Each structure stands twice: as C-alpha cells, then as structure tokens.
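Work through the following exercises with the coordinates open. Each task is followed by a solution in steps.

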Amino acid sequence: MKRYYVDLHIHIGRTWTSKPVKITGAKSLTFTNIIEHARHEKGLNMIGIIDSHSPEVILEMESLVSSGDIIEHPDGGLVFGDLTVIPGSELEIYDEQCNGPIHVLVFFPTISIMREFSNWLSGHLKNVQLSSQRIYASGLDLQKRVKELGGIFIPAHVFTPFKSLYGKGVNKSLTEVFDPDMIDGIELGLSSNTLMADQIKELHNYPFVTNSDAHSLAKIAREYQVISMKEPSFKELGMALRKEDGRLILANYGLDPLLGKYHKTVCAECLHPASEEDQICTQCGNKKIIKGVADRILELKTAEKSPEGRPPYVHQVPLDFIPGLGPKLLEKLVNHFGSEMAILHEVPYLGLTEVVPPKIADLIMKAREGKVTLAAGGGGKYGKIAD
C-alpha cells in the first residue's frame with residue numbers, strides 16, 4: 001500500500017469555451033487548469049472534480065482522452081501523470097422530506113457513466129450546465145440512481161448553516177431524507193472536525209472526508225485526507241471508504257474549526273457573537289442570528305466520543321491563512337520546494353528561512369505544530385491567526 005493525498009471537492013468555474021459552471025467560482029477554474037495546478041503546485045495524488053456532469057466539461061474530458069493527455073484507468077478514474085481525477089457532481093436536494101436544501105456529492109468511475117448520469121440529470125434540473133443545481137427528484141431517488149450506476153454518494157459539508165444535511169435539511173437524523181445504507185461517507189466541512197461530528201452517534205457508521213470545496217485554484221487542498229491504497233483509482237477509493245483489504249483513510253487534514261466561516265453563532269448583520277437563544281442582536285438590534293456549527297452539533301448530541309478505529313484529524317492552517325505570506329511569496333516557496341504538500345509537511349525550519357523571513361517561517365512551523373492562537377469565524381467570515 002502507498003499513501004496518497006486526496007481532495008474530493010473542487011469546483012469548475014468556467015468551461016474551456018469560458019461558459020460559467022460554478023457562478024461563484026474563479027474563471028481560472030477550468031478542468032485543465034485544475035488538474036495542472038493540483039498536480040504541480042499542490043502535490044495532490046487524487047482529486048474529485050464535482051462539476052463533471054456539465055456537458056461542456058464532459059467534452060473537455062473526452063478531448064483530453066483523445067489527445068492522450070489523460071488516460072482512463074481500467075479501475076476507474078482519469079490519470080494525468082501521477083494525479084488521478086474522479087469525475088463527480090454536487091447537487092442540491094430539496095424534496096418534501098427536507099426542512100431545507102441539502103448539498104450532496106456523487107462520483108463515478110468513467111466519463112461514459114458520467115455522461116449517462118448527466119443525461120439523466122438533464123430531465124431533473126433546470127440547467128444541467130451549472131453547478132450545485134436543485135434536482136427535482138427525491139433524495140432516495142437520487143441515491144438509487146447513483147447506486148445503479150456504480151457511484152459513490154456523500155452528503156456535503158453536513159453542518160454548514162445553509163444547504164446542508166444537519167444545518168437546515170433535517171430535524172435530527174439523516175434517515176429523515178436518505179437511506180443510510182446508500183451513504184458512502186460524510187464530508188465534515190470547514191467549521192467542524194472529527195471530535196465534533198462524532199458527538200452524533202449515527203455518524204459513527206461512516207468514514208469522514210475532509211475536502212477543500214475550492215472555488216479558486218488557491219483554495220485547492222485547504223482540506224484533504226491521506227489515504228492508503230494500492231494505487232489511486234475509483235475502485236481503490238471505494239475500498240478505502242469501506243476499509244477493505246488494508247485500504248483506509250489514514251488521517252484527515254483540515255482547518256481548525258475556529259477558522260471556518262460558520263463555527264460560532266453570530267449576528268448576520270454585524271457578526272457580533274450571540275447565543276443560540278438570542279432572538280435579537282445585543283450589539284446592533286438585528287433580528288437575524290446565524291447559528292454556528294458548534295451550537296448546532298450540541299443540539300444534536302447523542303454520543304460522547306469517537307468510535308474505535310477513527311483516523312486522527314490533524315488541524316492545519318492553509319498557507320494562504322499565514323499573515324504576510326502573499327501570493328508572490330507563496331509562489332516563490334512552491335517553486336523552491338516543489339509543492340504545498342512539501343511545505344506543509346516536510347520542509348524544515350532552516351529550509352523555510354532560505355526563502356521567507358524568519359517571522360513567516362516561525363508561523364508556518366507553529367501552525368504545523370498546532371501552536372498558533374486563532375480568532376473564531378462565524379456568519380460567513382473566516383477565522384484568522386491572532387498571533
């Protein structure tokens with residue numbers, strides 16, 4: 001078995017003809033730009049591109065296969081050198097069983113199956129070209145279709161106050177909307193971690209994945225996991241999620257939840273901290289309070305600790321959160337050491353000081369060791385390093 005860096009939630013901003021896919025995504029997020037950046041700058045081994053259902057994206061993937069730039073792996077996935085792409089889709093469920101919209105991720109092994117799924121989606125969406133669209137089918141119907149096609153089904157960023165399973169979608173349990181036997185994993189999102197999520201007992205049945213939900217090239221790999229597999233392929237990914245034959249998630253790497261945009265409960269207008277009982281902001285008088293992930297999980301709490309065998313969750317500060325480390329200096333670091341993965345995990349302090357000032361090197365090392373002081377985020381605003 002080998003260790004692979006994996007980020008399964010990356011958006012496409014534009015097609016190869018510059019048509020929008022993820023409206024809020026950067027224009028530089030084309031399929032080709034993503035795979036080149038993920039491989040050469042980030043140092044990832046496997047990525048999920050979750051707008052691959054868009055017809056023009058399918059055409060771009062097929063063109064890259066025809067030109068020989070990518071190769072379809074016999075066990076699923078698109079191979080680009082030492083990077084494997086898993087085609088996926090993010091969709092929004094809002095059926096009669098839901099209290100609010102729920103985002104989910106689905107993945108498939110081949111372009112042809114993704115095309116078949118896209119054709120099915122076109123009869124259930126208003127615009128199949130775009131990302132994260134509401135699907136006019138039930139959650140159960142979507143699960144069944146994904147499984148008929150041999151796909152992987154994962155509820156996305158499950159605690160986010162908006163458009164998520166526990167944030168708005170259900171009262172207490174995922175069984176209100178989904179068949180629990182057709183869920184392959186749970187994506188935690190940026191404002192929670194394993195210890196927080198495992199306070200909900202029904203989640204003990206599933207592996208946790210930590211992904212970037214990248215809307216720009218720079219945000220790729222701000223969260224990821226290290227997975228033990230024989231090789232990076234769709235089949236091996238499925239085996240790892242099921243912990244079969246030595247394949248498994250070895251560790252989740254993600255933001256300290258304090259850095260997430262929705263960790264604490266705040267006023268929607270002025271972002272002043274609030275309690276979950278507050279009906280009005282004590283600072284500005286606004287009547288809209290955004291409940292934080294931490295408070296929502298406490299509402300749902302049914303367990304005290306994680307199940308046996310849960311992999312460690314390693315708090316990590318992405319390099320673009322480091323004060324003073326701007327894009328040009330970060331580019332200089334990556335060019336010198338090869339990839340962000342190397343900078344985050346391997347480069348010693350003296351090596352860093354060859355490229356960046358000691359103050360920045362100190363912060364990178366302190367972040368690596370979990371010794372930075374953080375100010376919590378909430379209401380759509382990221383937390384930050386307070387040192």
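Helices and strands here are DSSP runs, numbered from the N terminus, with at least four residues for a helix and at least two for a strand. The model is predicted.

**Exercise 1. Place I220 and describe its surroundings.**

Step 1. Locate the residue. I220 sits in the loop that connects β10 and β11.

Step 2. Classify its accessibility. The cut-off for buried is under 20% relative accessible area. I220 has a relative accessibility of 1%, so it counts as buried.

Step 3. List the contacts, leaving out residues up to four places away in sequence. I220 then touches D7, I10, I34, H37, K42, L44, S212 and A214.

Step 4. Set sequence separation beside distance in space. I220 and E202 are 18 residues apart in the chain, and their C-alpha atoms are 29 Å apart.

**Exercise 2. Determine which interactions the side chain of R222 makes.**

Step 1. Find the element. R222 belongs to the loop between β10 (208-209) and β11 (224-229).

Step 2. Look for a charged partner. A salt bridge requires a side-chain nitrogen of Lys or Arg within 4 Å of a carboxyl oxygen of Asp or Glu. The nearest side chain of opposite charge is that of D213, at 5.4 Å, and R222 has no salt bridge although it is buried.

Step 3. Look for a polar partner. The side chains of R222 and Y382 are joined by a polar contact of 2.7 Å.

Step 4. Complete the neighbourhood. With neighbours within four places in sequence set aside, R222 is in contact with L190, S212, D213, G254, L255, P318 and Y382.

**Exercise 3. Which strands pair with β11, and is β11 enclosed or open?**

Step 1. Take the pairing with β1. Strand β1 (residues 2-10) and β11 run antiparallel and are joined by five bridges. Within this pairing, K2 stands opposite M229 of β11.

Step 2. Take the pairing with β12. Strand β12 (residues 248-254) pairs with β11 in the antiparallel sense, over five bridges. Here Y224 stands opposite Y253 of β12.

Step 3. Separate the two faces. In a regular strand, side chains alternate between the two faces of the sheet. On one side of β11 are Y224, V226 and S228, on the other Q225, I227 and M229, and all of these are buried.

Step 4. Conclude. Six of the six residues of β11 are buried, so the strand is largely enclosed by the rest of the structure.

**Exercise 4. Compare selected salt bridges by geometry, sequence separation and accessibility.**

Step 1. Start from the total. The count comes to 16 salt bridges.

Step 2. Examine E92 and K163. Their closest N and O atoms are 3.7 Å apart. This pair links distant parts of the chain, 71 residues apart: E92 is in strand β5 (residues 83-93), and K163 is in the loop between β8 (152-155) and α5 (165-169). E92 is buried at 10% relative accessible area, whereas K163 is partly exposed at 37%.

Step 3. Examine E299 and R296. The closest N and O atoms of this salt bridge are 2.9 Å apart. Both residues lie in helix α8 (residues 293-300), three residues apart, which is about one turn of the helix. E299 is partly exposed at 29% relative accessibility, while R296 is buried at 12%.

Step 4. Examine K301 and E304. Their salt bridge has its closest N and O atoms 3.5 Å apart. K301 counts as partly exposed, with 35% relative accessibility, and E304 is exposed, with 69% relative accessible area.

Step 5. Note a network. Salt bridges link E116, R145 and E148.

**Exercise 5. How compact is the protein for its length?**

Step 1. Count the elements. The protein has 12 helices and 17 strands.

Step 2. Apply the globule rule. For 387 residues the rule gives 21 Å, and the radius of gyration is 20 Å, close to that value, so the protein is as compact as a globular protein of that length.

Step 3. Give the extents. The C-alpha trace spans about 55 × 55 × 45 Å along its principal axes.

Step 4. Add the burial and contact statistics. Of the 387 residues, 58% are buried. Among contacts with a separation of 6 or more, 68% are between residues 24 or more positions apart.

Conventions: Residues are numbered from 1 along each chain as its sequence is written. This is a predicted model: local features need pLDDT of at least 70, side-chain atom pairs count only at pLDDT 80 or more; totals for chains, interfaces and linings use all residues. Side-chain values use heavy atoms; hydrogens and water are left out. Buried means under 20% relative accessible area, exposed over 50%, partly exposed in between (1.4 Å probe, protein chains only). Lys and Arg count as positive and Asp and Glu as negative; His and the chain ends are not counted. A polar contact is a pair of N or O atoms within 3.5 Å; within protein, one must be able to donate a hydrogen and the other to accept it, and residues adjacent in sequence count only if both atoms are side-chain atoms. Contact means heavy atoms within 4.5 Å. Two strands pair if DSSP finds at least two bridges between them. The radius of gyration is taken over C-alpha atoms; the globule rule is 2.2 Å times the number of residues to the power 0.38.
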